[in-house]
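The following exercises concern salt bridges and helix packing. Each task is followed by a solution in steps.

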Amino acid sequence: PKPVMMARKALDEIAQGRVRVLVTQEVQSRNLEQLAQASGCEVEILTREGHYEVVISKPSGADPSQPASEYAPQPAAETPGTVALLLTSDQIGQGDPKLGALLTQLMLTTLAEAEPTPTYVLLMNAGVRLACSGSAAVEALAKLEERQVQVLVCGTCLQFLGLLDDQKVGKISNMYDIVSILTAAQRVVAL
């Protein structure tokens, strides 16, 4: 999350102008792109040898009531009933892997039909596989998104596991956003 946090601070310190950020991972450039878009800024990502150069342009007359420091998915701690479901594996439990995968798919399919739905589904570590091609859970996660559930997928985890190009559902996120949601949610269910 450090590039996002540093860029956010730099954008808050200028009335207009450009902030250039050099990062080594594609997922970091995507997170910076999301920050720029959420802050009403233009963004250009240049691929350089061994790194990405992200140029965020803050236009003159940018809305000062929307500083970049307020960028983050809005967990709205004041909203009663905020529930975050944290999945750190693509299977529930420690037993048979096939059974665990089946239980996860059945849980997400049932959750997509149930009332109420969680506010967030957060996928980290091996849980990001649920949002990737070949996963039986993609359809259920897509249905949850249709029902206004925010599905956030850890970009660092996708990149580490070599799945960045395989993501089919959800929004790539970062540790800062995920921690913000977990600390503001009224209930966190971790599986």
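**Exercise 1.** Does Glu-115 count as buried or exposed, and at what relative accessibility?

*Solution.* The model is predicted, so local features need pLDDT of at least 70 and side-chain atom pairs count only at pLDDT 80 or more, while totals for chains, interfaces and linings use all residues. Residues are numbered from 1 along each chain as its sequence is written, and side-chain values use heavy atoms, with hydrogens and water left out. Buried means under 20% relative accessible area, exposed over 50%, and partly exposed in between (1.4 Å probe, protein chains only). Glu-115 has 65% relative accessibility and therefore counts as exposed.

**Exercise 2.** Identify the salt-bridge partner of Glu-115 and place both residues in the chain.

*Solution.* A salt bridge requires a side-chain nitrogen of Lys or Arg within 4 Å of a carboxyl oxygen of Asp or Glu. The partner is Arg-147, with an N to O distance of 2.2 Å. Arg-147 lies in the loop between helix H4 (138-146) and strand E6 (150-154), and Glu-115 in the loop between helix H3 (97-113) and strand E5 (120-123), so the pair ties together parts that are 32 residues apart in sequence. Helices (H or I, at least four residues) and strands (E, at least two) are DSSP runs, numbered from the N terminus. Arg-147, at 26% relative accessibility, is partly exposed.

**Exercise 3.** Describe the salt bridge between Glu-53 and Arg-20, and state which network includes this pair.

*Solution.* The two side chains meet at 2.9 Å, N to O. Glu-53 belongs to strand E3 (residues 51-58) and Arg-20 to strand E1 (residues 17-23), 33 residues apart, so that the pair links distant parts of the chain. Glu-53 is buried at 11% relative accessibility, whereas Arg-20 is exposed at 52%. Arg-20, Arg-48 and Glu-53 form a network of salt bridges.

**Exercise 4.** How do H3 and H4 pack against each other?

*Solution.* The axes, which are lines fitted to C-alpha atoms over the stretch in contact, have angles from 0 to 180 degrees between N-to-C directions. Those of H3 and H4 come within 8 Å and cross at roughly 25°. Angles under 35 degrees count as roughly parallel, over 145 as roughly antiparallel, 65 to 115 as roughly perpendicular and the rest as oblique; H3 and H4 are therefore roughly parallel. Contact means heavy atoms within 4.5 Å. Among the residues that make the contact are Leu-108 and Leu-111 of H3 and Leu-141 and Leu-144 of H4.
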